[in-house]
Each structure stands twice: as structure tokens, then as C-alpha cells.
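User: I am new to this structure and would like to know the reasons behind the labels used for it. Please take me through them.

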Amino acid sequence: MKLLDFLRGERKKTASVAKERLQIIVAHQRSQRDQPDYMPMLERELLEVIRRYVKVEQDAINISLDRDDDCSVLELNVTLPRT
Amino acid sequence: MAKIIVVTSGKGGVGKTTSAAAIATGLALRGKKTVVIDFDVGLRNLDLIMGCERRVVYDLVNVIQGEAGLNQALIRDKRVDNLHILPASQTRDKDALTSDGVEKILDTLTKDFDYIICDSPAGIERGAQLAMYFADAAVVVTNPEVSSVRDSDRILGLLASKTRRAERNQDAVKEHLLITRYNPSRVDDGDMLNLDDIQEILAIDLLGLIPESEAVLRASNQGIPVTHDAKSDAGQAYTDTVSRLLGEDVPLRFHEFQKKGLLSRMFGGGRR
């Protein structure tokens, strides 16, 4: 079996696939870790409002909240389609 | 003052109760006065793993609701001095577990014990949050498998925000990684996450590594925590884990694949 794999050109080990997938999902989870509970809702509603005027995809909107010592900045990035 | 350690994971079936029982037993064998508490209200199992299921009279919820004293509910372990078990309730609803009630019990226990081990239920609901809330340290039990690693990361997030230490801005809960059901042969084949990968993803200190072992099922069948099986790989791995918990520097074992020699292949390996 191993020899066959070798001759066919090694298939990708499943463990390294698992690692890559985990690194992405864990990074995503961590970025959401410290955000306030209302963020997902806020994100959804903002998207709805924008979509009322422009046709954008779900992933064309990016919201992040950066906190400094004395203030927070809510950053909203929308990639608008070319008209 | 006892040190309160929660054994938690998020995902079910990864070996929380096995680990809580094995670590508590190991600590008691090292002469530490230890109590292990089952927080899984409704689905108690620690009593079975510890082999004291027929001696349960009162439980955690009875104590919280004032129907029994703490000393009536505590079960003394048959095998090791210094070890007590506080079982979870089997029948009642989960709301019976209150934060104030748990705090009172822990405050009392902390005077008489060196270590309080809290066996968390799976999930991130109330029971799991209560089990971790008062902890000084956490043992995050993780299998080398994607859903377990992801859930462990979620639990790490909760440990950093939803605990008494976090809310009071005290030193953070000390997080320890315990990898269980590790199969060096499958890691060698490239079909199982290796321990460096898991550590890299979760970014916490490795407390121990328990190999996938037939000894674990043998232990739970009999209700004897696997730490007592000193000849087994898993038993020794838990003993090492306990030593590290006590601050000792113990080299890692059972993480490398031993290719079987011709002789052991012909005659079968020793008992694992």
C-alpha cells in the first residue's frame, strides 16, 4: 500500500489537511472571542441594510471591532461590485 | 487552601471523567488530600469510573439544597486514603446547580483538602461553566481529532473570560493541555494530528499525553481508575501527568511509534 502510494506520487497526508483546516477555523474563532455579544446580529442587520441598496455578496462585507484603552473603533468594509 | 482544577474539554467522549478519576487518584497516591466532584448533573458517571456507584447516598444537589450535609455526601475511596468523591445528582433538573451553592461547597472543601478536581460535563452550557467558574487551573482534555481540537479552543476562550479569576482581574486560570487517545502508529502514518501540531494550534502547555490504550476500558469495566494499573502505558502516562501537575519535570513517554521487531511480531507484544 505504502509502495503504491509512493509510486502514484504521495497522496496528501490527512493529518496535514486536518491541521490546515484547524488553523483557519481556530484563527476565526479567536478573532470573535473578545467581541461583544451583539456583533453577529449587528453584522447581519448592517448587511441587510446595505443589500437594500446595493447587490453585494455575504462575504463582501467585513466588520471588525478594534479596542484601544479609551475608545473602540468599529470598522466596516464593503466591497461594492463594479457598476 | 486547596487548588481547584477543572477537567474540561467542550466535546464529549474525549476522556474527561477517565482523566478526572485518574488524576485525582494519582494525586491521592502522592499523599495529597484530594476530592473529585462530578458536575454532570443528570448524567453522572464519575461514580462508576471510581467504582463507588453502589455507595452513593447523597449527592451534590442534595448538599446544595440543604437535604444533606457535605460529610454525608462525600464518599471515601476504598483503595486510596486521602481521596473522596462527591457524586452528581442523577435525576434532578440542571437548574438545581446554583453558583452560590457550588461556591459554598468549594469554600468548605478548600479548608480540608489540598486539591479539588471538578469533572466538567460536555458542552459549554451552565454545568460546564459552573465547573470551571471557580477554578485556579484547567486541564483541557483533547483528542487528536479536528472537532475535539476546535472545541478545546472554544473552552480556552471561556476559561479566559467566564471564570471568577477573569471577572476579578486576577491571574488567569492556568491552562494545561492533556492529549488523550493518542495513537503513535497512526501519527506515524500521517493520518492522525501529532502532538506538536495540536500544541501549535492551541498554544498552551502540554501537561501530559495518554496513549490510546486497552487498559482504559479494562479500568472502567472494573471501576478502578487506570492510575492503579501501574503496568499499563495509560496508567504510567497518568502518573507522569500527575507528577507534572505537582511541578516535577518528567520526560514525555508513549508518543513515539515503536516499530515491532521480528520476535515480538511472531510472539505478540507484551500486555499493553
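User: Which residue in β5(B) is the bridge partner of B:V7?

Analyst: The model is a predicted one. In it, B:V7 is bridged to B:D119 of β5(B).

User: What makes strand β1 (residues 3-8) and strand β5 (residues 115-119) of chain B paired strands?

Analyst: Two strands pair if there are at least two bridges between them. Five bridges join β1 to β5 in chain B, so the two count as paired. They run parallel.

User: Where do β3 (75-76) and β8 stand in the sheet of chain B, and why?

Analyst: The open sheet has eight strands, in the order β3-β4-β2-β5-β1-β6-β7-β8 (chain B), with mixed pairing. β3 and β8 of chain B each have a single partner strand, so they stand at the edges, and one side of each is left without a neighbour in the sheet.

User: Why is B:G13 called exposed?

Analyst: Exposed means over 50% relative accessible area. The value for B:G13 is 63%, so B:G13 is exposed. B:G13 lies in the loop between β1 and α1 of chain B, and its contacts, leaving out residues up to four places away in sequence, are B:N143 and B:R181.

User: Why is B:K11 called partly exposed?

Analyst: Partly exposed covers the range between under 20% and over 50%. B:K11 has a relative accessible area of 26%, so B:K11 belongs in that range. B:K11 lies in the loop between β1 and α1 (16-29) of chain B. Leaving out residues up to four places away in sequence, B:K11 touches residues including B:K16, B:E145 and B:D151.

User: Which residue of the UniProt "binding site" is in the lining of the largest cavity?

Analyst: The UniProt record, an unreviewed entry, places that feature at B:K11, B:G12, B:G13, B:V14, B:G15, B:K16, B:T17 and B:T18. From this set, the lining of the largest cavity takes in B:T18.

User: How many nonpolar residues does the lining of the largest cavity have?

Analyst: It has six nonpolar, two polar and no charged residues. Among the lining residues are B:I49, B:V216 and B:P225. Val, Ile and Pro count as nonpolar, so these three belong to that class. The volume of this cavity is about 40 Å³.

User: What is the division by class for the second largest cavity?

Analyst: Its lining has four nonpolar, one polar and three charged residues. B:D240, B:R244 and B:R253 are among the lining residues. Asp and Arg count as charged, so these residues belong to that class. The largest share of this lining, three residues, comes from α12(B).

Note on methods. Residues are numbered from 1 along each chain as its sequence is written. Chains are lettered from A and ligands numbered from 1 in the order in which they are written. This is a predicted model: local features need pLDDT of at least 70, side-chain atom pairs count only at pLDDT 80 or more; totals for chains, interfaces and linings use all residues. Side-chain values use heavy atoms; hydrogens and water are left out. On a 1 Å grid over the protein atoms alone, a cavity is a set of points where a 1.4 Å probe fits but cannot get out, and a pocket is an open set with protein on both sides within 12 Å along at least five of seven lines; lining residues have an atom within 4 Å of a point. Grid points are joined across faces, edges and corners, and a volume is the space filled by probe spheres set on the points. Helices (H or I, at least four residues) and strands (E, at least two) are DSSP runs, numbered from the N terminus. UniProt positions are given in the numbering used here, feature names are shortened, and annotations may be inferred rather than shown by experiment. Buried means under 20% relative accessible area, exposed over 50%, partly exposed in between (1.4 Å probe, protein chains only). Contact means heavy atoms within 4.5 Å.
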